[in-house]
Amino acid sequence: MEGGVMDSPDESLIRTDSEEIALHGLCSPKRPLYRFSGLALMCLLGFGSYFCYDNPGALQDNFKSDLQLSTSRFVLLYSIYSWPNVIFCFIGGFLLDRVFGTRLGTIIYMGLTLIGQIIFATGATMDMFWLMMVGRFVFGIGAESLAVAQNNYAVFWFKGKELNMVFGLQLSFARVGSTVNFLVMEPIYNYVSQYYKGPQCIGVVLFLAALTCVGSMICACLLAIMDKRAESLLKRGQGQEKEVVRITDVKDFKGVFWLVTIVCIAYYVAIFPFIALGKVFFERKYEYEPAAANTVNSLIYSISAIASPVLGYVVDRTGKNVSWVFISICITMLAHGLLAFTYVNPYIGMITMGLSYSMLASSLWPLIALVIPEYQLGTAYGIAQSIQNLGLAVVSILAGMIVDAGGYFMLEIFFLGWLWISLITTMAIWMLDIASTDGYLNMTPGQREKYDECRKTTDSLEREKLLSGDSTSDLSADDLLQPHSDIHIRNRYLSRIGAPLPIHAKGPTYRALR
Amino acid sequence: MLFKMFFCKLSCIFLILLFINVCHCSQRVLRSWINPNCGEICDKKNLTTVWLRADGLNDTLHYVWDFSGSPSVLMAVTSRSAELEIKWEEYVLGKSKSLRFTETPHYTFGIVLRKIYEFNDINDTGLIDTVDASNINILHPRSFRWDRTFFSKTNELVELHMEGHDYNNAEDKISRRGKIKLLFNGFCSLNHSHITPHMLHSENSTQIDLIIDHLQTNTSFLQSRFAIEVLLVSEGNSNSTMIIDGKKTLDDEHTPGIFEVDEIRTPNNNYDNGIQKMGAYIQWKPVSYTTAERDVTSSTDLIHYPLIVSYNHTKAMKNSLLFAFYDENVTQLLVQKINVSMGLKGDRFYKKTNYTTWTFIVGYGTPPDEQFSYLVIMIISIGIGLPLLIMISTGLYLCARRFRNQDSNVLLNR
């Protein structure tokens, strides 16, 4: 996880005079100004990829008519983005940690994103579908791994400070990228279509969109320079041991985690593939003009851009995550129901969906952090994201086929089915949680604190028991039931030979035993 | 145990559905003849006049699909004993009253595909009424050479395929290569047609599917589109008017991407003895397919224009079956025309695929209402039923456990 630890020379532990001056100057990495300009760059870093990701969605009609794509083929442009990331999400993050380091990794991934978009645009210009697919493939690898890198940056710069807000803002800004895309692409297309026709027109528009990636590339470089400077001045990461996560940890993940993953899939497949096909749905069912259809369709993004940080704050204060998830899913079902079974103004349905979606995003993802120890979080989130990508890829293809064969009404029924699955799964999480940890996940933050304290007390009690040397008390019922991690066994060994336990071993830090 | 019960229920539902399906096809029995009692005259002249009778319990619906003049359909409602009589010698000459039923029909309705317009959509609006006369060509469907390419009949379904080719009109000196196809279907029950857009038809309706297939366009028109003029003739007060109406649907399951049904209904007239008499309707979905595959992506809009009243009945019906049927002097006849154009702004015109369609239903009575399909109903009922079942069974289980606990407590307390 630590960006440039290996590069740091030992002698830099002693500060030179010039560094001393730099630390107290206007551009000191310690000052908020430095950090928040870094934050701005971090947000802009993702702008290009999010802007370009939904280019086909914003121009769905034009794509289909100018390049003569069927709905199923059109949706392939999204699947080829998601499919590789079922694996590459993992690999990208892994390479970032082990090989590239965050700075170089970010630039490499940003470069891949940019190159992908350029290939995509070239393919469109020449009306070669396979080349467009190649472009989206490269773009996808770059963009998803870039998101991991973005998170890394946020953790390095804001850990223990404003990290939650920063995550929220990054998500918001990603949504801003998508929203701007939906609002801007149609006018740009109309403008360009005065000069170019057919595939060339699409190509030119996509090349213009690639400019946002160039902008993000510049941000990536600036951020790398700032990060390098901050690292060398603040001596970040020095004197710490390198922590390594192993793939085999996955098998010890709790049942609740896997259920949360199922909710991730089942819920998100009812949102993203819907947005991908939504524009034409609004044009057909509600007879909206293309531009107006885009606006309604992008409402979910615009709302989540505003609501995510706010609702995130609400969840932070109130806790009760499972209840929030449950309520969000119910409201989303209501929203989809309004769109499927009524002619009520689609703005109502989409605003409802946007709010419930933001609420779900704020309450669902922290669940993983509550059931998985901190040192495994990256892996856990990686798995969730990868499996979610798998779900999105499969469902996107299915959704296209359903529209072609059974129409948009069946598509809505299909999405409602998925939401139904996520609702049932949430109920399962609720029950499992009550049964296994007295409803820890659905506690308020205050209750959780108390619970944690109590647990600490029982832990220390057990330790005392262990240290008392009563060998038969060694195997409590709890011990027999729970699988032991290496660290658990080592700590017990240390306790028994009377060696002092390392202070951090009580906490959730991890060290590989090799 | 629970699952067993669930599957039992499910299979019950299936059986009921199956039963409904089987029961369906006995509402009318179809019988049909090509050129009934005609003989040599028709063979010589390559005529096609199909008489289809759909016998119900109380009445008979007659359809005559005719290609001796402009393609026309006559629909008549009679008692079960009525027969069709055609005086073929007069009929081929287009004389009036050469076609009649042995009993006076309760109600008659007819349509004629009178004209095909080819218009040069210079401003790419998709609308024929924005184009001036110099950019419109009129083609008369009767000037095609009509061949019967397919005919099949059972008691449940009658299907006729006609192909018009080698257009040649001596008056206008216009000749065209390419063809137009007309597919006629007669039905015995309420169901969806097998031809996309899968219109919902009842036993009281017939479907007409028009395809303009690689018809040569006017070489001086660069942005050709086609439009059809249809003449609608209904018995009834000539001062009333037919009603044109667009209905929104929720369900586009049968016609993906199309959420509207357009229809024209004849005014319902009061009969002499005060009983409301049923009228006719024609119904279509505002979609035209541009390839033979007929999927959502290869479709364009079908635009209809306001109804026009036609006062000169004779002129309007000339050269069609309806002229041969309706007495020239009938005053109680409502004659109206409607234009329908195929194409939408920005769809790159007819020349893009050289294929365009219009599918519509002609029926008697009120148009049937679209209902959710069994699949949808089943999904919804499982969606609502299963969680309820889980909740109820959990509730019962908890109750039972508490009850048992109480029981054992009672024993302990003793």
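Q: What makes B:Trp146 and B:Gly164 a cross-strand couple?
A: In this predicted model, B:Trp146 stands opposite B:Gly164 in S10(B). Strands here are DSSP runs of E with at least two residues, numbered from the N terminus.

Q: How do you know that S9(B) and S10(B) are paired?
A: Two strands pair if DSSP finds at least two bridges between them. S9(B) and strand S10 (residues 157-169) of chain B are joined by 8 bridges and run antiparallel, so they satisfy that definition.

Q: Why is strand S9 (145-153) of chain B called an edge strand?
A: S9 pairs on one side only, as does strand S16 (243-248) of chain B. They belong to an open, antiparallel sheet of 8 strands, ordered S9-S10-S11-S14-S23-S18-S17-S16 (chain B).

Q: How do you know that helix H14 (residues 299-318) of chain A has close to its expected span?
A: The expected span is 1.5 Å times one less than the number of residues. With 20 residues, H14 reaches 26 Å from first to last C-alpha, close to the expected 28 Å.

Q: What makes A:Ala307 the site of a kink?
A: The bend is the angle between axes fitted to the seven residues ending there and the seven starting there. At A:Ala307 the kink is about 45 degrees, shortly before the proline A:Pro309.

Q: Why is A:Ala307 called buried?
A: Buried means under 20% relative accessible area (1.4 Å probe, protein chains only). A:Ala307 is one of the buried residues of H14(A), which also include A:Leu311 and A:Val315.

Q: What rules apply to numbering and confidence?
A: Residues are numbered from 1 along each chain, and chains are lettered from A in the order written. Local features need pLDDT of at least 70, side-chain atom pairs 80 or more, and side-chain values use heavy atoms.

How values were computed
Helices (H or I, at least four residues) and strands (E, at least two) are DSSP runs, numbered from the N terminus. Buried means under 20% relative accessible area, exposed over 50%, partly exposed in between (1.4 Å probe, protein chains only).
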